[in-house]
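Student: I would like a close look at one part of this structure, taken slowly and with its surroundings. Could you walk me through the open sheet and then link it to the rest?

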Amino acid sequence: FQKKPEMYSVELSGTKNIEKTDKGDGKEKHRDLKSKGWNCRRNHQIQEIKEELNLNDHKLSNEDLENKYGTNIVTGLSSARAANLLARDGPNALSPPKETPEVVKFLKQLVGGFSILLWIGAILCWIAYGIQYSNDPSSSLDNVYLGAVLVLVVILTGIFAYYQEAKSTNIMASFGKMIPQQALVIRDAEKKTIPSEQLVVGDIVEIKGGDQIPADIRLLSSQGCKVDNSSLTGESEPQSRSCDFTDDNPLETKNICFYSTTCLEGAATGMVINTGDSTIIGQIASLASGVGNEKTPIAIEIEHFVHIVAGVSVFIGIIFFIITVSIKYPVLDSIIFLIGVIVANVPEGLLATVTVSLSLTAKRMAKKNCLVKNLEAVETLGSTSIICSDKTGTLTQNRMTVAHLWFDNQIFTADTSEEHSNQTFDQSSGTWASLSKIITLCNRAEFKPGQENVPIMKKTVVGDASETALLKFSEVILGDVMEIRKRNRKVAEIPFNSINKFQLSIHEMDDPNDKRFLMVMKGAPERILEKCSTIMINGQEQPLDQSRAKAFYTAYMELGGLGERVLGFCHLYLPADEFPETYSFDVDTMNFPTSNLCFVGLLSMIDPPRSTVPDAVTKCRSAGIKVIMVTGDHPITAKAIARSVGIISAKSETVEDIAKRLNIAMEQVNKWDAKAAVVTGMELKDMSQEQLDELLANHSEIVFARTSPQQKLIIVEGCQRLGAVVAVTGDGVNDSPALKKADIGIAMGIVGSDAAKNAADMVLLDDNFASIVTGVEEGRLIFDNLKKTMAYTLTKNMAMVLPFMLYTIIEFPLPIATVTTLFIDLGTDIIPFIALAYEKAERDIMNRKPRHKNDRLVNKPLVLYSLLNIGVIVTLGAFVVYFTVYAQAGFRPSALIGLRVKWENNDVNDLEDSYGQEWTRYQRQYLEWTGYTAFFVAIVVQQIANLIIRKTRRNSIFHQGLFSNKIIWVGIASQIIIALILSYGLGSVTTLNCTMLRAQYWFMAVPYAILIWVYDEVRKLFIRLYPGGWWDKNMYY
Amino acid sequence: MRRQHRSRRAPTFPHGYRYRLDDQDEANQNYLADEEEEAEEEARVMGVPNGQGQPTGNTWWQKLQLMNEYLWDPEQRMSLARTGQSWSLILVIYFFFYASLAAVITVCMYTLFLTISTYMPTFTERVKPPGVMIRPFAHSLNFNFNVSEPDTWQHYVISLNGFLQGYNDSLQEEMNVDCPPGQYFIQDGNEDEDKKACQFKRSFLKNCSGLEDPTFGYSTGQPCILLKMNRIVGFRPELGDPVKVSCKVQRGDENDIRSINYYPESASFDLRYYPYYGKLTHVNYTSPLVAMHFTDVVKNQVVPVQCQLKGKGIINDVINDHFVGRVIFTLNIET
């Protein structure tokens, strides 16, 4: 059997190895068995990227390369050939993911959601007119208009939804094209700077420290070149690159640099061997499109709602159609009735307003640094139950900072907050004076000039991470470091290297009378200690005896155990007689002592957590969200950070901790007793799917360390198998499959790659974990508020459908016309819908568990309460007004029953009412319109109460504050104003079926509005009084 | 082994991990209660397909089964996810809710309708200005008949005869009073007192009364058409100026109608028939009529006729309403 290599078994060792070994020895057999567990799962989504691994350019000699790519190492390609290749291969850029054509997007909007129902309604309208026309060519065009209005509604809402979607997509488009990368290329024997997009295979490029690698490059020469491959392999350590072929695996060999990684230092020349999508990173990025994008929870919820409404309206419509036809109604009437039921049932404006609500929240979130690409993701964040977070940059500040100091046998804690303002440890000791001097002098890092007004912590520094940390640390405490260095002129220096593991420099003293030289040294603590014979305690040199050395090791272990990078510091005053002022120090021969030095202290550094993160993690915890850390870092560092931000809480222990505490072997510990777990990438690789599931389900605090970005996908899938809604943060290109797979992928805005941002649903502008939590809060709030909106909408459905039913059964004049229901759906209710999106949380929504997947947006209690409770009151209230209008005009309710046929007969122009008055058809028609208007106004008035009660679902309105949400009042005002305009402004436009209504009818429904309010307060009171009781279960939505 | 762990630490599979999270919030207890119950329910639901060994797949058959189980679950004795007890409870609650709601609404309606008089309509502006209707009327305002074929006009005669039964002189004299003409017949007193009605005798219609000519002129090609103004409670034409009727050709040659006789000859509705006090108290009120006797109309041709009311406070040109203050009909008398 030929085992097909797959992306995710590549890891760091590469598939090439597996492939090779598979053919021959059975050594890899067990490895196969282990990877089998993964296979079944990978197959469905991971494409092979075998081609990528056929890459063998790293094995070729320079000559072979020249032949293969038809280039010359010295003169480069000719411009003409480059142009040809560019035309053949396309630009050297990752092609953006395939977009759905705009027309398809638009058409989808036209048939999605309720649109189908409305199309049916419109077609029925025209059919009805057809029937009418065939009977009587002079019949009115009302049905044609109604059909046209319905189609118009569909098209307008379609355009609106399309526009909203396009707008949120544009946010991303405007998100900033990265400044075009430039590449230094040799063409026609000349060095040229060209946009890296124009690179082609065979180009000879030069790179230097700080550059982004413009394509996959086979190195031809290198001067101390180091690259950061973290975005590809997850390894955060810089890796040196040379032109030697060191490994069969292209990912491992030293002579290849990969597209989108960065060159940290040194310089190199290389030949482009892959460009654009055929680069390794390009192939991984294209994997992301192979990973299915799952439906967002809110999309599922809205679909559910549409299904309910459509189901109900079709059900009622069909049932009543059958009934009306079977009791010998004319088919025309039945069809018109069917239209009425459909239109009354469908909340036409709702879906558009849901989009508005979501985009409002998206805007609010953007202000809080969460840029949402996909509107529906707004809510997804709220239902998140697991967050898989990166460490570096997201949880931490992404800069080394001095965290602890050890001198005078004491550990001091330094301030690691972002401002770094007050260092409160004891600085009076003489030891500190010496230590600070070493820190200041034995340091090659410098501030970039021209930053006088920038706060110290924000200044840009030339130098590596630890030196930067030390420089800033000393600058904060001592003031102008550069000045101190100037006063202590450096006479000799040995920079840090990995063999010595120390850094040394020799300085003149700043006291002009002191002719001695000061030699300062820092480096790996154990190496430094080896060179020392004394130790400084309280400013005095003391012999370094056993007990002092022991104290040193204790401190060293302790600081190392905190996951911190520890440096040791020592110094020596070179006596003036042996080393006169004119002494010439030679760093190569080391003509100065490097032993019997005086040990001064230890300093430890860490990339400290962002100060807002612990709070945010606590919030997540109380919100029932599990935070999993996934990092490429060392487990100890990862665990230390996890502890300090609370991902592993203070009380919980890992298996190792328990073993250590009980002093037993790790195998003896019942692993379920450990709440926390630190799992490394290696362990993860050896786990079966079941083991991973078990791990994820049974440990509440998990840290994955030393993982590759690929393993993130495995973790995400594991979480999703548990039924969790998973949010994943990521920045590298390699993260994009995981970002895509996650329910909500969160890309880092600052350090994130474009591919990651493309695959993500959300972009975190400040890279801060705490911003995710505020996003979660917003997401939960919008879910609650949409629930309120749905409840609000459904209520009036009853008041719009019931009249149609009673009209057929009891046969009184039609209480509300189809067109009038549209005024409610598309007029008075629009702003209130949106207003509810502004409603504040009823109580701490972050103290709640994440939403259950079957905790529906529109659930049974919501439907029952809205339709059968409030909806019935609204309907009855509206009917009271309707009957009053008719009674006061002359038709008492008793006269109305069964009146429909005569009432609608155009030939009856002297219909007698309850008082013996006679009505022409048009007078009746006008009265009917007045009835519509009254019914409409009654619904509007009661919808005001309905709107107010929907502000809360559990608390009293007075507790929430009647005026807490000003937009609600805007909504109420809009309802009243629209109703006033329809009645008084447009009352004379007959096609709108509205009339000027007597003033008192406006107030007729007020008692029922009050009744609604009182009833709802009572409902909420019972819910609060008996939480968990019958009432709560059935009446709380 | 794994199963055991799960049951101990994470009771239900998909949401198991949630139970590992500490719950410090007492206010959330009911959420938890909900959740637990849902989880139980879920476990039950999930248990069934597991038992049959077909946990995956979404075939129609399985959907149908699930639906069927939803409708009636014999194991739990539940229908629509409710047990009998739960159903009866919710039905009782809703019964009481609707009963009290009905009571509230009934009280509201009752008190509201106490304020609405049964004798006088509260507002009459919708029914004003008065509409007009003609007799005979049978679904159509087009009078097509052939003088020589009685079958074509017989139904008009029957209709008119039937309509005029209430105007028979004997009946009018018996039921109604002969009140002085030319002035309103105002009857003060409580609105619930019975009101007297003025006589409008069939004989006032002379040639169109059907007394002398039982065919109302249809047999001679001189049809009678009665015009009736719609009743409106309290309607009073301007004093001293009774509402008049006048007919003419609506479109076309005015000479198509050479003469019309009106009965009563004034061609007006006498003031004594106003005001109308409503059907409850003004029981025997008979609407006054004006008969139009088309004595000389062009034959064998469609003649559109418009009869209008004329008088102060009368509107006869509402565009949308062809029956307010006017009536339009066609005569096509074939010989």
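Tutor: Happy to; we will start with the chain as a whole, go into the sheet, and then move out to the contact between the chains. Please keep in mind that this is a predicted model.

Chain A contains 40 helices and 28 strands. Its C-alpha atoms fill a box of roughly 135 × 70 × 60 Å along the principal axes. Of the 1037 residues in chain A, 58% are buried. If you take the contacts in chain A between residues at least 6 apart in sequence, 71% of them join residues at least 24 apart.

Now to the sheet itself. It is an open sheet of eight strands in chain A, with mixed pairing, and the order is β8-β26-β25-β24-β9-β21-β23-β22. At the edges are β8 (370-372) and β22 (676-680) of chain A, each of which pairs on one side only. From one strand to the next, the twist averages 20°. As a general reminder, strands of a sheet pair through backbone hydrogen bonds, either parallel or antiparallel.

Take the β22 edge of chain A. Here β22(A) runs parallel to strand β23 (residues 701-705) of chain A, and five bridges join the two. If you want a landmark in your viewer, look for A:Val678, which stands opposite A:Val703 in β23(A).

Next, move along to β25 of chain A. Four bridges join β25(A) to strand β24 (residues 726-730) of chain A, and these two run parallel. A:Gly730 stands opposite A:Ala747 in β25(A). Is β25(A) enclosed or open to the outside? Five of its five residues are buried, so β25(A) is largely enclosed by the rest of the structure. Both of its faces are covered: A:Ile744, A:Ile746 and A:Met748 are buried on one side, and A:Gly745 and A:Ala747 on the other.

Step back from β25(A) into the loop that leads to it. A:Ala742 lies in that loop, between α27 (736-741) and β25 (744-748) of chain A. A:Ala742 has a relative accessibility of 3%, so it counts as buried. Setting aside residues up to four places away in sequence, A:Ala742 touches A:Val716, A:Gln720, A:Val726, A:Val728 and A:Asp761. The C-alpha atom of A:Ala742 is 8.2 Å from that of A:Leu713, although the two residues are 29 apart along the chain.

Beyond the sheet, salt bridges are a good guide. The count over all chains comes to 47. One of them joins A:Arg848 to A:Asp784, with the closest N and O atoms 2.9 Å apart. A:Arg848 sits in the loop between α31 (830-837) and α32 of chain A, and A:Asp784 in helix α29 (residues 769-809) of chain A, so the pair ties together parts 64 residues apart in sequence. Both partners are under the 20% cut-off for buried: A:Arg848 has a relative accessible area of 12%, and A:Asp784 is at 6%. Another pair, A:Lys192 and A:Asp188, has its closest N and O atoms 3.6 Å apart. There A:Lys192 counts as partly exposed at 25% relative accessibility, and A:Asp188 is partly exposed at 35%.

Finally, look at where the chains meet. The contact takes 75 residues from chain A and 72 residues from chain B. About 6700 Å² is buried between them, and carbon and sulfur atoms give 55% of that area. Seven salt bridges are found across this interface. In one of these, the side chains of A:Asp910 and B:Arg135 meet at 2.9 Å, N to O. In another, A:Glu912 meets B:Lys279 at 3.5 Å. A:Glu912 lies in strand β27 (residues 911-912) of chain A and B:Lys279 in the loop between β8 (268-269) and β9 (289-297) of chain B, so this pair joins two chains. Shared partners link A:Asp910, A:Glu912, A:Glu918, B:Arg135, B:Lys228, B:Arg231 and B:Lys279 into one salt-bridge network.

One helix of chain A also has chain B among its packing partners: the buried residues of α39(A) pack against α4 (84-114) of chain B, together with helices of chain A including α32 (860-889) and α35 (921-949). Helix α39 (residues 1006-1025) of chain A has 20 residues and reaches 28 Å from its first C-alpha to its last. Its buried residues include A:Tyr1008, A:Trp1013 and A:Ile1023.

Note on methods: Residues are numbered from 1 along each chain as its sequence is written. Chains are lettered from A and ligands numbered from 1 in the order in which they are written. This is a predicted model: local features need pLDDT of at least 70, side-chain atom pairs count only at pLDDT 80 or more; totals for chains, interfaces and linings use all residues. Side-chain values use heavy atoms; hydrogens and water are left out. The expected span of a helix is 1.5 Å times one less than its number of residues. Buried means under 20% relative accessible area, exposed over 50%, partly exposed in between (1.4 Å probe, protein chains only). Contact means heavy atoms within 4.5 Å. Two strands pair if DSSP finds at least two bridges between them. Axes are lines fitted to C-alpha atoms, for helices over the stretch in contact, and angles run from 0 to 180 degrees between N-to-C directions. Buried area is the accessible area (1.4 Å probe) that two parts lose on being put together, summed over both. A salt bridge is a side-chain nitrogen of Lys or Arg within 4 Å of a carboxyl oxygen of Asp or Glu.
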